[in-house]
Amino acid sequence: MSGKTVVRPYGDTTGDGMVQVSFTLPVPHDKRAEGAAVQLANKMGLDPAMLVHARQMGDGFTFFVVYGRVNHLVDLAKVQVVERDYPLLSAKEVNAVVKRRLRRKLSVVGACIGTDAHTVGIDAILNVKGIAGEKGLEYYRELKVTNLGAQVSVPELVEAARRERADAVLVSQVVTQRDAHLHNTREMSAAFREAMPAGKRPLLIVGGPRFDESMTGELGVDRIFGRGTTPGEVASYLVHALITSRKASVA
């Protein structure tokens, strides 16, 4: 193995390569549809592929679950991910750092932009109720939070950031059809570059379940957060990016 860690999927026994996949085909549910699902699974590399569930999903659509074996291996040494490169702070620690070093409240503006009306993500990070027992950024007494809500246009977001003297702008994007989340993010970053000089622009942060966290440079933002992100992670990053790392670079 030369020091490498190689893994295979696990189903019934370790390393058996068994996986389960689900998908929808635009066909009514019948024997031909089931055969098409198995054929598709075979082309995906499942061999043998076993159809374990099929159900009509409205007129002309069928949902399938297929179980089968794949022969692919994953070399963990070659997996590239964006690791957290800053310490995770408690709310008390975040407040202390902001108060001691910034000497004013840290201003955060958040929104769902474009036609995106799904505020669950941005509310989980910003609203005081937070998520899974962890309070949102409104709970942090040294943070000033402005939540613009859903379907905010990019010009409105830029104007709100200027009005609130935002240190950071948080954008949640859940709608991903035709890569809407990517188009909206590029439009936002371009608008901020045009509206504000480099030294005056707020930190641009986006989040959502379909973002690739390694695409910050391509999308023109400072940080991307994926699914499962907590308010504490975001607050800790704000302190790191806006206060701790900047102070260190000046020193």
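1. A helpful place to start is with residue classes: Ala, Val, Leu, Ile, Met, Phe, Trp, Tyr, Cys and Pro count as nonpolar, Asp, Glu, Lys and Arg as charged, and the others, Gly among them, as polar. Keep in mind as you look around that this is a predicted model.

2. Let's begin with the largest pocket, which has a volume of about 390 Å³. It is lined by 22 residues, and those closest to its centre are Gly-121, Ile-125, Gly-208, Gly-226 and Thr-229.

3. Which element gives the most to the lining of the largest pocket? That is α3, with 5 residues. Helix α3 spans 120-126, and β8 (168-172) and β9 (203-207) are also among the elements that each supply at least two residues of this lining. Sorted by class, the lining of the largest pocket holds 13 nonpolar, 8 polar and 1 charged residues.

4. Next comes the second largest pocket, with a volume of about 220 Å³. Its lining is made of 11 residues, and the closest to the centre are Ala-166, Gly-199, Lys-200, Arg-201 and Pro-202. Using the classes from point 1, you will find 5 nonpolar, 1 polar and 5 charged residues in the lining of this second pocket.

5. Finally, turn to the surface. Val-7, Val-74, Leu-76, Val-79 and Val-81 make a nonpolar patch of about 390 Å² there. One of them, Val-7, sits in strand β1, residues 6-7. Is Val-7 buried, partly exposed or exposed? Val-7 counts as partly exposed because its relative accessibility is 33%, and that class lies between the cut-offs of under 20% for buried and over 50% for exposed.

How values were computed. Residues are numbered from 1 along each chain as its sequence is written. This is a predicted model: local features need pLDDT of at least 70, side-chain atom pairs count only at pLDDT 80 or more; totals for chains, interfaces and linings use all residues. Side-chain values use heavy atoms; hydrogens and water are left out. On a 1 Å grid over the protein atoms alone, a cavity is a set of points where a 1.4 Å probe fits but cannot get out, and a pocket is an open set with protein on both sides within 12 Å along at least five of seven lines; lining residues have an atom within 4 Å of a point. Grid points are joined across faces, edges and corners, and a volume is the space filled by probe spheres set on the points. Helices (H or I, at least four residues) and strands (E, at least two) are DSSP runs, numbered from the N terminus. Patches are made of residues with over 30% relative accessible area and no salt bridge: like charges are joined within 9 Å, nonpolar side chains (Val, Leu, Ile, Met, Phe, Trp, Tyr) within 5 Å. Accessible areas come from the Shrake-Rupley method with a 1.4 Å probe; for residues, only the protein chains shown count as cover. A salt bridge is a side-chain nitrogen of Lys or Arg within 4 Å of a carboxyl oxygen of Asp or Glu. Buried means under 20% relative accessible area, exposed over 50%, partly exposed in between (1.4 Å probe, protein chains only).
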